[in-house]
Amino acid sequence: QVQLAESGGGLVQAGGSLRLSCVASGRTFSSYAMGWFRQAPGKEREFVAAINWSGHSTYYGDSATGRFTISRDNEKNAVYLEMNSLKPDDTAVYLCAAGSAPQWSSIVQGVPTWGQGTQVTVSP
């Protein structure tokens, strides 16, 4: 039932920053974990970040640790990904994901519901 709409992607030079947004509709947003994945041409889909229902617990993939920050605003039914120190290897379609439980583990251990994605391109 949940529908996800991503935005905020674009073209940025290496070392720059972007802030991705995902707005959810169709179910009670505050009850579920949310997350971000990415997929580049010729590569497997990669986990980026997850956040629990309250926003107090977060978990990051190896490529995101130290550079990216996930957050959420339950009043706006939105989850965000702040991306800093971007590298060309970060170029990918970034996909918003909705979990089936409040814990962030429902994102990394289960099969979430996907958004359509937003393109991030980092030039060298």
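How many bridges pair strand β9 with strand β10, and in which sense, parallel or antiparallel? Strand β9 and strand β10, the latter made of residues 113-114, pair in the antiparallel sense over two bridges, and in one of these contacts Ala98 has Thr113 of β10 as its bridge partner. Strands here are DSSP runs of type E with at least two residues, while helices would be runs of H or I with at least four residues, and both are numbered from the N terminus. Two strands are said to pair if DSSP finds at least two bridges between them.

This is a predicted model, in which local features need pLDDT of at least 70 and side-chain atom pairs count only at pLDDT 80 or more, whereas totals for chains, interfaces and linings use all residues. Residues are numbered from 1 along each chain as its sequence is written, and side-chain values use heavy atoms, with hydrogens and water left out.

Strand β9 is a good place to begin, and it covers residues 92-98. Six of its seven residues are buried, where buried means under 20% relative accessible area, exposed means over 50%, and partly exposed lies in between, computed with a 1.4 Å probe on protein chains only. Besides β10, strand β9 pairs with strand β4 (residues 34-39), to which six bridges join it in an antiparallel arrangement, and here Trp36 stands opposite Cys96. Strand β9 also pairs in the antiparallel sense with strand β11 (residues 118-123), over three bridges, and Val93 has Gln119 of β11 as its bridge partner. In general, strands of a sheet pair through backbone hydrogen bonds, either parallel or antiparallel.

From Cys96 we can move to another part of the chain. Cys22 and Cys96 form a disulfide, with their sulfur atoms 2.1 Å apart, and by the rule that a disulfide is a pair of cysteine sulfur atoms within 2.5 Å, the count comes to one. The pair links distant parts of the chain, since Cys22 lies in strand β3 and Cys96 in strand β9, 74 residues apart. The link of Cys22 and Cys96 is left-handed, with -85° about the S-S bond. Cys22 counts as buried because its relative accessibility is 0%, and Cys96 is likewise buried because its relative accessible area is 0%.

Strand β3 leads on to a second group of strands. Four strands form an open sheet in the order β1-β3-β8-β7, with antiparallel pairing, and its edge strands are β1 and β7, each of which pairs on one side only. Within this sheet, strand β1 (residues 3-7) pairs with β3 over five bridges, and Ala5 stands opposite Val23 in β3. On to β8, strand β3 makes six bridges; Arg19 has Glu82 of β8 as its bridge partner, and Val23 has Ala78.

What, finally, makes up the largest nonpolar core? A nonpolar core is a set of buried Ala, Val, Leu, Ile, Met, Phe, Trp, Tyr and Cys residues joined through side-chain atoms within 4.5 Å. The largest has 27 residues, of which Met34, Trp36, Val79, Leu81 and Tyr94 touch the most other members. Strands β3, β4, β5, β7, β8, β9 and β11 each supply at least two residues of this core. A second, separate core has six residues, including Ala33, Phe37, Phe47 and Ala50.
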